[in-house]
Amino acid sequence: MSDTIFTKIINKEIPADIVFEDDSCIAFHDVNPQAPTHILVIPKIQIARLAEAGEEDQALLGHLMLKTREIAKNLGFEDAYRVVINNGEGAGQTVFHLHIHLLAGRPFSWPPG
Ligand code: 5GP
């Protein structure tokens, strides 16, 4: 797959407001936040979208989810936040490097738009 803007963030070629980083993932504030707190949690390896993840990515996907929970807690959110993965253009995905949206700090309705 080809590089996206997130590869440049991983490689520190463009700036981002990073809140967490380890060997396998990086998390940073969304440039166009849809909630008072809007963080993107992404793997450092390139997986275009959830549909492209394989069995070999099982531990990584679990790691991303647990880190998302930890980041939410560290930012003061334990009781109410929303976690979203848009898979494919039809679901609103615009950057084809797998990412988890962590949204918090406002009420969320259901179903989502
Ligand atoms: P998607 O629509 O693919 O689920 O989410 C992509 C997200 O990446 C969007 O919320 C968009 O605002 C965010 N985004 C796109 N380009 C950049 C960027 O250069 N920096 C940051 N921090 N976020 C970005």
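Which backbone atom of Gly92 lies 2.9 Å from the ligand, and what kind of ligand atom does it face? A backbone N or O atom of Gly92 sits at that distance from an oxygen atom of the ligand. This is a predicted model. The ligand sits in the second largest pocket. The notes below take the ligand first, then the two pockets, then two backbone features.

**Polar contacts of the ligand**

- Asn86 uses its side chain: a polar atom there lies 2.8 Å from an oxygen atom of the ligand.
- Gly92 uses its backbone, with an N or O atom 2.9 Å from a ligand oxygen.
- Val95 also offers a polar backbone atom, 3.0 Å from an oxygen atom of the ligand.
- Taken alone, the ligand exposes 520 Å². The protein buries 83% of that area.

**The shell around the ligand**

- The ligand is surrounded by 16 residues.
- The closest are Asp30, Asn86, Gly92, Thr94 and His101.
- Asn86 and Gly92, both on that list of closest residues, return from the polar contacts: Asn86 through its side chain, Gly92 through its backbone.
- By residue type, the shell holds seven nonpolar, eight polar and one charged.
- Which element gives the most residues to this shell? It is α1, with three.

**The second largest pocket, where the ligand sits**

- This pocket holds about 160 Å³ of space.
- Its lining counts 13 residues. Nearest its centre lie Phe6, Ile9, Phe28, His29 and Val31.
- Two elements, α1 and β2, give two or more residues each to the lining.
- The largest share comes from α1, with three residues.
- How do the lining residues divide by type? There are 10 nonpolar, one polar and two charged.

**The largest pocket**

- The volume of the largest pocket is about 540 Å³.
- It is lined by 24 residues. Closest to its centre are Gln34, Val84, Asn86, His101 and Leu103.
- Asn86 and His101 are among the residues closest to the ligand, and they are also among those closest to the centre of the largest pocket.
- The elements that give two or more residues to this lining are β3 (37–43), β4 (82–84) and β5 (100–104).
- β4 gives the most, with three residues.
- The lining divides into 10 nonpolar, 11 polar and three charged residues.

**Backbone features to check in the model**

- The peptide bond from Trp110 to Pro111 is cis. Its omega is near 5°.
- Where does Pro111 lie? Pro111 is in the segment after β5.
- Lys12 has a phi near 60°, a positive value in a residue other than glycine.
- Lys12 belongs to the loop between α1 and β1 (18–21).

**Putting the ligand site together**

- The ligand occupies the second largest pocket, and α1 gives the most residues both to the shell around the ligand and to the lining of that pocket.
- The largest pocket draws most on β4 instead.

Notes
Residues are numbered from 1 along each chain as its sequence is written. This is a predicted model: local features need pLDDT of at least 70, side-chain atom pairs count only at pLDDT 80 or more; totals for chains, interfaces and linings use all residues. Side-chain values use heavy atoms; hydrogens and water are left out. A residue is near a molecule or strand if one of its heavy atoms lies within 4 Å of it. A polar contact is a pair of N or O atoms within 3.5 Å; within protein, one must be able to donate a hydrogen and the other to accept it, and residues adjacent in sequence count only if both atoms are side-chain atoms. Accessible areas come from the Shrake-Rupley method with a 1.4 Å probe; for residues, only the protein chains shown count as cover. On a 1 Å grid over the protein atoms alone, a cavity is a set of points where a 1.4 Å probe fits but cannot get out, and a pocket is an open set with protein on both sides within 12 Å along at least five of seven lines; lining residues have an atom within 4 Å of a point. A molecule sits in a cavity or pocket if more than half of its atoms lie within 2 Å of its grid points. Helices (H or I, at least four residues) and strands (E, at least two) are DSSP runs, numbered from the N terminus. Ala, Val, Leu, Ile, Met, Phe, Trp, Tyr, Cys and Pro count as nonpolar, Asp, Glu, Lys and Arg as charged, and the others, Gly among them, as polar. Grid points are joined across faces, edges and corners, and a volume is the space filled by probe spheres set on the points.
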